[in-house]
Structures are given as structure tokens and as C-alpha cells.
Number of protein chains: 2
Amino acid sequence: MEFEEAKHKFITTWGSLGSLWGINKAMAQIHALLLISPDPLSMEDIMEELHISRGNTSMNLRQLIDWGIVFKENKIGERKEYFTSEKDVQELARQIAKERSRRELQPTIKVLKEVSSIKTDGSKKSKELITQTKALHDLASNLDTFMNTIVNREQNWMTKTLLKLMK
Amino acid sequence: MEFEEAKHKFITTWGSLGSLWGINKAMAQIHALLLISPDPLSMEDIMEELHISRGNTSMNLRQLIDWGIVFKENKIGERKEYFTSEKDVQELARQIAKERSRRELQPTIKVLKEVSSIKTDGSKKSKELITQTKALHDLASNLDTFMNTIVNREQNWMTKTLLKLMK
DNA sequence: CTAAACTTTCAAAAAAAATTGAAATTTAAT
DNA sequence: ATTAAATTTCAATTTTTTTTGAAAGTTTAG
């Protein structure tokens, strides 16, 4: 496999992985492209490389910036904006963990808390609802705390810990 | 909040969480419903409760069974099939971790391996591609091993470990 | 201030995914 | 072997999501 083919394969794989995770294809592909670009890219560059429209590029770049994994850059003497991605994959993983906790896990935990806190009417059904949502609440809370722990530790802690656990 | 409202809230929350994770709404809602039902439900029960069609119910039940988190049950003297979900949330989490590893992580790791193994033509671009995909490969491999470790440990190991890590 | 370069917005179009429902198939009882 | 109950399949439809592209908006240079 030579360079162009490998690049294409990486971008499309990352793109379809993205859609499996609730991130749209264009967003994932833009991210993949920036991740392997040694230099910052302009909107034009991205549109051309991925064959997507200006509007699409603009919107998805904004989302990537919101996620905290893509950054704007300005070249001196140039009006155009350039974009780079977070290149350190550890930092990337932390950032994604942090955002997913905030956007998904925490709201879910809140609902589980509410639902599991109803008072039972004594029926089998309501007992089961309470038991199960309480168990999910505990699991989700543990996971969330775990993810936040990872996020706030120093660089490399994650890899070291994972490796230790796997022995 | 009383029972019916809580139940509804739980089912719809679980449903939209599902779609955020690449699992369709109906599938996630069926799972939620079974998770809190003290007794097995028939296809009719599910259709009625969630207002979805027979075909939809049938297809999504099959997928849940493929994931290993819903089971068929037969009541003696009855022709109809009944369904239950895995009730132990720890076991549920393991099963989901196992399937996601198999369906998503492992194929991705394979591609990352291929892509990061091309030989460089010496250009900055190809060096960057190799560096970054290799780093992702390592990260994904660690994560995969970690998930498989969890899956193969005894009951409760996961919670204990997570708690220990968070101290 | 004006014009050119560039970016954002958003209604409309296209594409993708989920859902329906009825026909086909399977299953099991008589 | 026939029938009836139940389940599965899948083409057609509906719904949701993504993408486009042109108009509106912004920014900077002269």
C-alpha cells in the first residue's frame, strides 16, 4: 500500500467509525484529515480534499472546535483561517472522554437518579423499575467518575494504568 | 413522579441515548422495557406498550438477541414466544463491551495496523501519517485489551477496580 | 467608505436510516 | 395433512439526518 491509498483508507475508516458513534461522517473525516496533516489546512484545502461543500465544511469545523479537538490558526499576513487538530492522541482521548461525560453521561445519570427515586407503590413492577434504574445509576456514576479521573490526571497516566490493569 | 411517568421517562431517555450510540431508537426502547419488566413479555406486549409495528419489533428483538442481552423464553403450554433481558447490569455492561470490541474496535485496529505499516517515501506527509496512525493503533489496542480484561474477569471485579482507581 | 476576501447561515434537496404492513414462511397442534 | 397461530421478510413509505449552495454577514485593506 502506498501513501495515497493508505491516507484514503484511514480517512474513510475514521469516517465510518464516526457515524457508528453518533458523529457524522464529514466531521469525522475532517478530523482524520487534520490529524495526519503536518501543516494547518484552510477551508479550501479541506473542501477540495474531501469533496464536500463550503457550508458543510464550515459547520463541521465549528463542531470540532466546540469539542475542543480542532483549533483555528492564523498565518501572519494572511486573511484566511487555517485549522489544525490536537495531535497528541492521549490528549485527544481525554478531551473526547470529557465531552462525552458532559454531554451524555451526566444528563443520563440525572434522569436515572430521578426515576430511581420515585416511591414504590408496593407493586412488583415499580419495585423492579426502582431496582434496575438504581443499579444503572450506580454503574453510570462509577463510569463517569472514572472518566473524569482519567481526564484530570497527568499525561500518560492512562496508558500506564491500563497496562497495569491488564497484567 | 409516579410509576407510569417514571417508566415513560426511563424508556424514552434510554431510547435517545441509544441513537446517540449508533443503536436505533426502537431497539434501545425495547431493551429498556424488558429491563424493567419483572416478567417476560410477548411480541404483542412490546408492540402495544411502545406503539411500534410487528415487523419492527421482530427485527429489533433479533438484533438484541444477537448482542446477547435479550433472551427468548417459552412458557409451557404456550405457542407464543416471550422475551426477557439480561437483568444483571454488570453482566449487561460486559456483554456490551465484548460486542463493541468485536464489532468496532478490532476492525479499526486492523486498519490502523495496515495503514501505519506502509513504508515511508521520506516525505513529511507520509511520516506524519505513520506516526499518527501508529499512536492511534497503540491507544486502541490498549483500550481493547482493557475491555477484554474486564469482560473475562469475575463478577464485580469491574466495580471494585473502578472504585480503586478513583481514590 | 467601499470593495474584495472570506465565513456563516439556513431553506431546500438529497441521502440515509427506520418503520410499516401485508405476504410468505415457519411451527405445532389436531 | 390441514389448519391456525405466530414469526419473519422485505418492498414501499415515512422520518430523520446530512449536505448543498447561494444569499447574508463579517472582516480587513486600501
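**Figure 1. Arginine over tryptophan between chains A and B.** In this predicted model, R100(A) is placed over the face of W21(B), at 4.5 Å from the ring centre. R100(B) lies over the face of W21(A), at 4.6 Å from the ring centre. Each of these arginines counts as sitting over a ring because its CZ is within 6 Å of the ring centre and within 35 degrees of the ring normal.

**Figure 2. The relation between chain A and chain B.** A turn of 180 degrees, with a shift of 0.0 Å along the axis, lays chain B on chain A with an RMSD of 0.0 Å. This is the relation of a two-fold axis. In chain B, the C-alpha nearest the axis belongs to W21(B), at 2.6 Å from it. W21(B) is also the residue whose ring face is covered by R100(A).

**Figure 3. The F146(A) and F146(B) pair.** Over all chains, the structure holds four aromatic pairs. In one of them, the ring centres of F146(A) and F146(B) are 6.3 Å apart and the planes stand at 25 degrees, so the pair is stacked. The assignment follows because centres within 6.5 Å make a pair and planes under 30 degrees apart count as stacked. The pair crosses between chains, joining helix α6 (residues 124–152) of chain A, which holds F146(A), to helix α6 (residues 124–152) of chain B, which holds F146(B). F146(A) has 8% relative accessibility and therefore counts as buried. F146(B), with a relative accessible area of 9%, is buried.

**Figure 4. The protein surface near DNA strand C.** DNA strand C is surrounded by 18 residues, and the closest are S58(A), R62(A), R79(A), S53(B) and N56(B). By class, this surface has seven charged, seven polar and four nonpolar residues. Helix α4 (54–66) of chain A and helix α4 (54–66) of chain B each supply at least two residues of the surface. The most comes from α4(A), with five residues. Of the atoms of DNA strand C within 4 Å of the protein, 57% belong to sugar or phosphate, and the rest belong to bases.

**Figure 5. Polar contacts to DNA strand C.** Contacts to phosphate and to base are shown together. An N or O atom in the side chain of S58(A) is 3.1 Å from a phosphate oxygen of DNA strand C. For S53(B), a polar backbone atom is 2.7 Å from a phosphate oxygen of the strand. At R79(A), an N or O atom of the side chain is 3.1 Å from a base nitrogen of DNA strand C.

Conventions:
Residues numbered from 1 in each chain as written. Chains lettered and ligands numbered in written order. Predicted model: local features only at pLDDT ≥ 70, side-chain atom pairs only at ≥ 80, totals over all residues. Heavy atoms only, no water. Near = heavy atom within 4 Å. Polar contact = N/O pair within 3.5 Å; in protein donor to acceptor, adjacent residues only side chain to side chain. Helix = DSSP H or I, 4+ residues; strand = E, 2+ residues; numbered from the N terminus. Nonpolar A, V, L, I, M, F, W, Y, C, P; charged D, E, K, R; others polar. Phe/Tyr/Trp six-rings, centres within 6.5 Å; stacked < 30°, edge-to-face > 60°. Buried < 20%, exposed > 50% of the residue type's maximum accessible area, 1.4 Å probe, protein only. Least-squares fit on C-alpha atoms with pLDDT ≥ 70 in both.
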